[in-house]
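This briefing sets out selected features of the structure shown below. Topics are grouped so that each may be read beside the sequence and the model.

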Amino acid sequence: MSDREIELRNEICEIGKHLFNKDFVAANDGNISVRLSENEILATPTGTSKGFLKPENIVKLDLEGNILEAKQGIKPSSEVKMHLRCYRKMKECNGVVHAHPPFATAFAIKGEVLDKATMPEVIIAMPEIPLAKYGCPSTEEVPDSLEPFFGKAEAVNLESHGSITWGTSLIDAYLNMERLEYIAKLTFITRQINGERELPKERIEELINLRSFYGK
């Protein structure tokens, strides 16, 4: 096993702990993957809490979903299909995180797109969190619902399901999940105090012009 593969297996476990400790997942919910090579990924096993992952239990697959390496009795999550679609369709995608962060998932259940220009960080980093049409978990319906957003977003709410994020690295995918949940939480809080409002149009345009400066 290469040093890089060892590092990525450990990184998956660390990300899993962050998801678990932040209450972004409960019990065995959620799944994580990372691109190992052009045609290989590492993915979390099914039926395992993300807070208690072990590097040796991470599964290696090709982009068609064939298991290349796994300990006896261990299988990848049945929801790996949406991860695989991300890697096949987006060459720049190197990490994917699926979780059920409470505030974001509440809006996913409600069926609301989060697209209010409420603060600079939102406009620059994540101006819209789209909503993918409901698909039955573990089927091709979910990746089918995601495909329209490939290349246009890095965070998507799954209607009545949860959230998925991707990035040019696994840590980027995880940070996108953190930002998604932060935006959803702030939206919820400001509505509780009847305080949700957007920045003036001219200030929004000013921030949009700054997106390239921040690498967006």
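The side chain of asparagine 31 makes polar contacts with two other side chains in this predicted model: that of serine 77 at 3.3 Å and that of histidine 83 at 2.6 Å. Asparagine 31 belongs to strand β1, which spans residues 31-37. With a relative accessible area of 3%, asparagine 31 is buried, since the cut-off for that class is under 20%.

**Surroundings of asparagine 31 and helix α2**

- Apart from residues up to four places away in sequence, asparagine 31 touches Thr44, Lys50, Ser77, Glu79, Met82, His83, Val96, Val97 and His98.
- Both partners of the polar contacts, Ser77 and His83, also appear in that list of touching residues.
- Helix α2 covers residues 80-89 and is mostly covered, with seven of its 10 residues buried.
- The buried residues of α2 are Val80, Met82, His83, Leu84, Arg85, Cys86 and Tyr87.
- Met82 and His83 are thus named twice: they are buried in α2, and they touch asparagine 31.

**Residues of helix α1**

- Arginine 9 lies in helix α1 and is buried, its relative accessible area being 4%.
- Beyond four places in sequence, the residues that arginine 9 touches are Met1, Leu42, Pro55, Glu56, Ile58 and Glu69.
- Phenylalanine 20 also lies in helix α1, which runs over residues 3-21.
- A relative accessible area of 29% makes phenylalanine 20 partly exposed.
- When neighbours within four places in sequence are left aside, phenylalanine 20 is in contact with Val25, Ser49, Lys50, Gly51 and Phe52.
- Lys50 is in contact with phenylalanine 20 and is also touched by asparagine 31.
- The C-alpha atoms of phenylalanine 20 and leucine 114 are separated by 24 Å, the two residues being 94 apart along the chain.

**Helix packing against α6**

- Two packed helices are described by the angle between their axes and the distance between the axes.
- The axes of α1 and α6 are 11 Å apart, and the two helices pack at an angle of about 10 degrees.
- Helices α1 and α6 are therefore roughly parallel to each other, because angles under 35 degrees fall in that class.
- On the α1 side of this contact are Glu11, Ile12, Ile15, His18 and Leu19, which meet Leu170, Ile171, Tyr174 and Met177 of α6.
- Sorted by class, the contact of α1 with α6 has seven nonpolar residues, one polar and one charged.
- Helix α3 (residues 102-110) also packs with α6 (residues 170-192): their axes come within 7 Å and cross at roughly 75 degrees.
- The crossing angle makes α3 roughly perpendicular to α6, because that class runs from 65 to 115 degrees.
- Helix α3 contributes Pro102, Phe103, Ala104, Phe107 and Lys110 to the contact, while α6 contributes Leu180, Glu181, Ala184, Lys185, Thr187, Phe188 and Arg191.
- In the contact of α3 with α6, seven residues are nonpolar, one is polar and four are charged.

**Cysteines**

- How many disulfides does the structure hold? There are zero.
- A disulfide is a covalent bond between the sulfur atoms of two cysteines.
- For cysteine 93, the closest cysteine sulfur is that of cysteine 86, at 5.2 Å, which is too far for a bond, because the cut-off is within 2.5 Å.
- Cysteine 93 is buried, with a relative accessible area of 1%.
- For cysteine 136, the closest cysteine sulfur is likewise in cysteine 86, but at 18 Å, again too far for a bond.
- Cysteine 136 is partly exposed, with a relative accessible area of 36%.

**Positive phi values in loops**

- Alanine 27 has a positive phi of about 50 degrees, although this residue is not a glycine.
- The loop between α1 and β1 holds alanine 27, which counts as exposed at 57% relative accessibility.
- Serine 160, also not a glycine, has a positive phi of about 55 degrees.
- Serine 160 lies in the loop between β7 (155-158) and β8 (162-167), and its relative accessible area of 43% makes serine 160 partly exposed.

Technical notes:
Residues are numbered from 1 along each chain as its sequence is written. This is a predicted model: local features need pLDDT of at least 70, side-chain atom pairs count only at pLDDT 80 or more; totals for chains, interfaces and linings use all residues. Side-chain values use heavy atoms; hydrogens and water are left out. Axes are lines fitted to C-alpha atoms, for helices over the stretch in contact, and angles run from 0 to 180 degrees between N-to-C directions. Helices (H or I, at least four residues) and strands (E, at least two) are DSSP runs, numbered from the N terminus. Angles under 35 degrees count as roughly parallel, over 145 as roughly antiparallel, 65 to 115 as roughly perpendicular and the rest as oblique. Contact means heavy atoms within 4.5 Å. Ala, Val, Leu, Ile, Met, Phe, Trp, Tyr, Cys and Pro count as nonpolar, Asp, Glu, Lys and Arg as charged, and the others, Gly among them, as polar. Buried means under 20% relative accessible area, exposed over 50%, partly exposed in between (1.4 Å probe, protein chains only). A polar contact is a pair of N or O atoms within 3.5 Å; within protein, one must be able to donate a hydrogen and the other to accept it, and residues adjacent in sequence count only if both atoms are side-chain atoms.
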